[in-house]
Amino acid sequence: MNVMNRTSIPQYDWDELVQEDRVHRALYTDPAIFAQEMTRIFGGAWVYLAHESEIPNANDYITRKMGLRPIIVTRDSNGALRALYNRCTHRGTTLCRNEKGNSRSFQCPYHGWNFLNTGKLRGVPWADGYSADIKDPKFNLAQVPRVESYRGFIFGTLNRKAPSLLQWLGPITRPIDEWLDRNPGGKVIVCEANRFKYKGNWKLAYDNSSDGYHVIYSHRSLLEMENRLIDEGDKGMAFYKNSPDSLAMYVQYMGNGHHFKDKRPNLQARPGGLWAIESSHPGMEHAEQSLRAKYGARAESLLDLAGSEPVNINIFPNLSLLGNHIQVFQPVSVDETDAVWYGTRIEDVNGDIGDALPVINALRMRTQEGFPNFGEVDDIANFEQIQRGLACVEDEWIYMNRGHGLPGRIKHNPDGTISAPATDEIFMREYIKEWKRIMKDDAPLEIQRET
Ligand code: FES
Ligand SMILES: [Fe+2]
């Protein structure tokens, strides 16, 4: 019997803890709930693991986590994507200590057991010291039984009863497709990352990632800097400053815990319309001038390739696509989270960008110095302060009731998605229902081994 089926699950009244317009503080502070999340949410849902561009060649690998489980995501010698448990089957040490590399096999640093990148045990030192058959599959590495990729984004689940990845993503594939298809060849290459860590629960970041209510208050200094430096009033997220709910931007709950903030309807619909709201970043003016001098009117659409797309595409539980970036939420403990922002670059797939490509990619990198640096710190300060506030044990409830119960404010769409004005908290109320469903779900979680 798989031990996962015997995992003891604390008995909570989930319907008491998660109500229509509020949740209990225990969701953010209780280590037992966190432990169950790491098993059920980060095991029973499809969890983002890595991007295919990080392991483009056979035998490439990168080490990641699935909840708290260390994982080696690899493209094995036959080109198949695998998510191996990074845990030696001998005495349990982490097998691969490198962040990434290229290897057909992994040798355990402890006693030298050697595993192929299919997970199969290749050999052990001085095998004559074993009466056990070391070819028994139980000595092969555990691995995630279902690994699938959607347009380069690799996900895994331990839940054999989960829907296909495509079904799980559902309507959120539309903004993902649009985010990719604005680039040549419909793709991005994931680059190195900006790594943040905060002393707070991982859901605080996911709660915030479509929150249009906080922007003008929490990011005031960023907005003032972006707009004062260049004496204009419409850069960055300036559209939040007056009556954001009256603008064309909106928030949308996409099902299965995914949510989406779409600020693109605020843009001017013309080449250069996206670049027009890009705020100043170090070195930007020179690059911009060189493109305009060389390409004339065509520079507008080239600059748009560098612009930060004003969307927040949030894929439950741990992935966001924002601007030119990919953000990954990695829980560490109930009150500690890594929030990693990967840059992305584009390729000249059709050969029509030419010399402008390195300039565009340099500008894309510079956009990391906009929101991902100067905005994320504001958000992280909030997350840490919430975690502190939640130490007030007797004050139990967290409200997510903005927009709740107001007739006509929320629109149920034919595809099952729900749209609302930009500052609405409908996305929180809905995603936390999905969280509750998965926490209650007792579908068995399974590993597999090569035979
Ligand atoms: S723990 Fe890996 S070889 Fe002993
Ligand atoms: Fe924010």
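**Entry 1: the end of a sheet**

I started with strand β20 (residues 411-412), which pairs with β21 in the antiparallel sense over two bridges. My rule for pairing is that DSSP finds at least two bridges between the two strands. Helices and strands here are DSSP runs, numbered from the N terminus: H or I with at least four residues for a helix, E with at least two for a strand. I looked up one bridge: H412 has I418 of β21 as its partner. The hairpin of β20 and β21 has five residues between the strands, and in it G416 takes a positive phi near 90°.

Note to self: this is a predicted model, so local features need pLDDT of at least 70 and side-chain atom pairs count only at pLDDT 80 or more, while totals for chains, interfaces and linings use all residues. Residues are numbered from 1 along each chain as its sequence is written, and chains are lettered from A and ligands numbered from 1 in the order in which they are written.

**Entry 2: the rest of that sheet**

What does β21 (residues 418-421) pair with besides β20? I found strand β13 (residues 250-255), joined to β21 by four bridges and running antiparallel to it. Y250 stands opposite P421 there.

Following the pairings along, I got an open sheet of nine strands, with antiparallel pairing, in the order β12-β18-β17-β16-β15-β14-β13-β21-β20. The edge strands are β12 (189-198) and β20, since each pairs on one side only.

**Entry 3: β16 in the middle of things**

Next I took β16 (319-322) and checked its neighbours. β15 pairs with β16 in the antiparallel sense over four bridges, and N314 has S320 as its bridge partner. A hairpin of three residues connects β15 to β16.

β16 also pairs with strand β17 (residues 325-333), again antiparallel and over four bridges. In that pair L319 stands opposite V328. The hairpin of β16 and β17 has two residues between the strands, and G323 takes a positive phi near 55° in it.

Are the faces of β16 covered or open? I found both covered: L319 and L321 are buried on one side, and S320 and L322 are buried on the other. Buried means that 20 or more other C-beta atoms lie within 10 Å of a residue's own; 12 or fewer is exposed, in between is partly exposed, and C-beta atoms are placed from the backbone. I jotted down the textbook point too: in a regular strand the side chains alternate between the two faces of the sheet.

**Entry 4: two helices**

Which residues of helix α5 (residues 173-181) are buried? They are P175, I176 and W179. Seen down the axis of α5, these buried residues fall within an arc of 105° (the arc of the directions from the helix axis to the C-beta atoms), so they line one face of the helix. Their cover includes β14 (258-262), β15 (311-315) and my old friend β16.

Then I turned to helix α11 (residues 356-366), where A356, V359, I360, N361, L363 and R364 are buried. These pack against α9 (284-295), α10 (299-306) and β18 (336-345).

**Entry 5: two domains**

The protein is divided into domain 1 (46-158) and domain 2 (171-438), with bounds from an automatic or database domain assignment. Their C-alpha centres lie 33 Å apart. How many residues meet? Nine of domain 1 are in contact with 12 of domain 2, where contact means C-beta atoms, placed from the backbone, within 7 Å. Strand β2 (residues 47-51) gives the most to the domain 1 side, with three residues.

I looked closer at β2: five of its five residues are buried, so β2 is largely enclosed by the rest of the structure. Four bridges join β2 to strand β11 (residues 153-157), which runs antiparallel to β2, and Y48 stands opposite F155.

**Entry 6: the tail and the whole**

E450 is in the segment after α13 (426-440). I count E450 as partly exposed because it has 15 C-beta neighbours inside 10 Å. Leaving out residues up to four places away in sequence, E450 touches T118, G119, K120, P137 and N140.

Stepping back, I listed 13 helices and 21 strands. Buried residues make up 41% of the 451 residues. The C-alpha trace spans about 75 × 60 × 40 Å along its principal axes.

Definitions and conventions: Two residues are in contact if their C-beta atoms, placed from the backbone, lie within 7 Å.
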